[in-house]
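Colleague: Could you take me through one part of this model in detail, namely how the helices pack? Please spell out your cut-offs as you go.

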Amino acid sequence: MIFITAKFQVKPEHADQWPQISAGFTNATRNEPGCLWFDWSRSLEDPHEYVLVEAFRDAEAGAAHVQSEHFKHAQQTLPQHLAETPRVINASLDQDDWSLLGEMAVD
């Protein structure tokens, strides 16, 4: 799978509305056939930072995502709400789901 984590520094005046601002992009991406997950979290330390954790089935699904109309639309509309260019980590992994964290196993 293609595993991506990105940090979005949202302008303070838009931070509380970011889930609504990004909702169309989020919903369209989650409906892509190759999307495994696409989840936002808000930082506990910085209320203006959102972290996106996303995964796609394979490189082909990742390519389809960045070529989609909703991705192109997001490129045009989301940056106006951001304080800086998002930072990203992108990796290919030989798995298709989350692994269990054995060090914190629950009986």
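Modeller: Happy to! Along the sequence the order is β-α-α-β-β-α-α-β, giving four helices and four strands; helices (H or I, at least four residues) and strands (E, at least two) are DSSP runs, numbered from the N terminus. This is a predicted model, where local features need pLDDT of at least 70 and side-chain atom pairs count only at pLDDT 80 or more, while totals for chains, interfaces and linings use all residues. Residues are numbered from 1 along each chain as its sequence is written, and side-chain values use heavy atoms, with hydrogens and water left out.

Now to the helix pair. Two packed helices are described by the angle between their axes and the distance between the axes. For helix 2 (residues 23-30) and helix 4 (residues 69-77), the axes come within 9 Å and cross at roughly 160°. Those axes are lines fitted to C-alpha atoms, for helices over the stretch in contact, with angles running from 0 to 180 degrees between N-to-C directions. Helix 2 and helix 4 are therefore roughly antiparallel, a label for angles over 145 degrees (under 35 is roughly parallel, 65 to 115 roughly perpendicular, the rest oblique).

Which residues make the contact? Helix 2 brings Phe25, Ala28 and Thr29, and helix 4 brings His70, Phe71 and Ala74; contact means heavy atoms within 4.5 Å. Four of the residues in this contact are nonpolar, two are polar and none is charged. In that scheme Ala, Val, Leu, Ile, Met, Phe, Trp, Tyr, Cys and Pro count as nonpolar, Asp, Glu, Lys and Arg as charged, and the others, Gly among them, as polar.

Helix 3 (residues 59-66) belongs in this picture too, with Ala61, Gly62 and His65 as its buried residues. Buried means under 20% relative accessible area, exposed over 50%, and partly exposed in between (1.4 Å probe, protein chains only). The buried residues cover an arc of only 100° around the axis, which puts them on the same side of helix 3; the arc is that of the directions from the helix axis to the C-beta atoms. They pack against helix 2, strand 2 (35-42), strand 3 (49-56) and helix 4. On the other side of helix 3, Ala59 and Glu60 are exposed.

For the wider setting, 35% of the protein's 107 residues count as buried. Among contacts between residues at least 6 apart in sequence, 73% join residues at least 24 apart.
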